[in-house]
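Student: I would like to learn how to read a protein model feature by feature. Could we take the general idea and then the case at hand each time?

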Amino acid sequence: MSNDNSRYVILGKDDAERRRLNDGYPYFKKYVRKNKVIYDDTVSLPDDAVVLDLATGSGAWILDLASLVPSTVIIHGIDISPAFFPYIQSPNNNNIHLHSQSCTSLPPTWSSQFDLINQNLVRGALTQHDWNLEFHELFRVLKPGGHLQLCEGDCTNWDQEIRPGSAHEKMRDLYKALLDKNSLVWDCSKRLPEMLTNIGFVNVYTELRKYPLNADDGDGGGSIGSDVISRFLRSLKPAIMKNEGFGIVGSGEVYEGLIEELKKEWNEGTLFFDFVLICAQKPL
Ligand SMILES: C[S@@+](CC[C@H](N)C(=O)[O-])C[C@H]1O[C@@H](n2cnc3c(N)ncnc32)[C@H](O)[C@@H]1O
């Protein structure tokens, strides 16, 4: 069932956003997920596995997985909005099924169906309450012994790492104000594992990942990173300006200037927020 009453208010739903998601996927795969589609090396999918990708967006992860597994593996992708769904070329991908559905409320018939569930980059949409609802649903729809993997941005360590007076400090204050205003979670690496453990998931494993952002580092990935992350920050501009720049930036132009300052700091070696990979398992 389609349900677009989303709090997905801080990012857009247009073609530019679809391109941003598709362009970002190979970078995040290479530098944050260390070229892995399935993060936990101990997970091996049987030929009749059933897999779910939550908030699938443009479907980059499911198309990548589909190219690696036999076509007997059934792959479901859900998103609250079908706006970014990929065009699936049947019959090559007739094992892929896409649904307009919120990750906080999954079909009752899906109980104990899935061997693996994946979710990437959804913290711009889920409040702590939503995460909790979602994790209860994921516990229900995983098979006993089934695996969950998440990849999210994480600002837990931001306070310790930022130089006072820097562009990073301003961007941190803006970004946190935006997340707080929308009741979104910024310390994913701390809160999400706690929630998973409280719900009964086991083998909860968390790994923080840095990624290249220095555009002057030759072919080390930094120029792509600088482009991917600055496009992400640019996509937040409407939401930031809707809140009058939270008293931190007075206009869209000043916000654009702040992103340029930030890029210079990246070139001087400053890092930005972390990404976190979280793996967990439903007990047997
Ligand atoms: C930043 S995109 C990430 C897309 C994809 N996972 C990726 O990594 O490219 C966030 C996606 O979450 C979807 N979304 C937002 N709220 C949702 C919800 N409650 N349930 C399912 N999908 C949701 C949005 O429509 C959007 O496609």
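Student: Among contacts in the protein between residues at least 6 apart in sequence, what percentage join residues at least 24 apart?

Tutor: In this predicted model, 77% of the contacts between residues at least 6 apart in sequence join residues that are at least 24 apart.

Student: How many helices and strands are there in the protein, and what does the radius of gyration say about the whole?

Tutor: The protein has nine helices and seven strands. Its radius of gyration is 19 Å, close to the 19 Å that the globule rule gives for 284 residues, so the protein is as compact as a globular protein of that length. Along the principal axes, the C-alpha atoms fill a box of roughly 55 × 40 × 35 Å, and buried residues account for 37% of the 284 residues.

Student: In what order do the strands form the sheet, and which strands stand at the edges?

Tutor: The general idea is that strands of a sheet pair through backbone hydrogen bonds, either parallel or antiparallel. Here seven strands form an open sheet with mixed pairing, in the order β3-β2-β1-β4-β5-β7-β6. β3 (96–100) and β6 (202–209) stand at the edges, and because each has a single partner strand, one side of each is left without a neighbour in the sheet. From one strand to the next, the twist averages 15°.

Student: How many bridges join strand β4 to strand β5, and which helix packs on the sheet there, touching both?

Tutor: Strands β4 (residues 114–120) and β5 (residues 142–154) run parallel and are joined by six bridges; in one of these pairings, F114 has L142 of β5 as its bridge partner. Helix α3 (residues 128–141) packs on the sheet and touches β4 and β5, with its direction making about 150° with that of β5.

Student: Does L262 count as buried or exposed, and which residues does it touch?

Tutor: L262, which is found in helix α9 (residues 252–267), counts as buried because it has 22 C-beta neighbours inside 10 Å, where the cut-off is 20 or more. Leaving aside residues up to four places away in sequence, L262 touches A167, H168 and M171. The C-alpha atoms of L262 and D15, which are 247 residues apart along the chain, are separated by 26 Å.

Student: How many residues surround the ligand, and how do they divide by character?

Tutor: The ligand is surrounded by 23 residues, of which the closest are A55, G57, I80, N120 and A125. This shell divides into 13 nonpolar, nine polar and one charged, and α1 (15–32) and β2 (74–79) each supply at least two of its residues.

Terms used
Residues numbered from 1 in each chain as written. Predicted model: local features only at pLDDT ≥ 70, side-chain atom pairs only at ≥ 80, totals over all residues. Near = placed C-beta within 6 Å. Helix = DSSP H or I, 4+ residues; strand = E, 2+ residues; numbered from the N terminus. Nonpolar A, V, L, I, M, F, W, Y, C, P; charged D, E, K, R; others polar. Pairing = 2+ DSSP bridges. Axes fitted to C-alpha atoms, helices over the stretch in contact; angles between N-to-C directions. Contact = placed C-beta atoms within 7 Å. Buried ≥ 20, exposed ≤ 12 C-beta atoms within 10 Å, placed from the backbone. Rg over C-alpha atoms; globule rule 2.2 N^0.38 Å.
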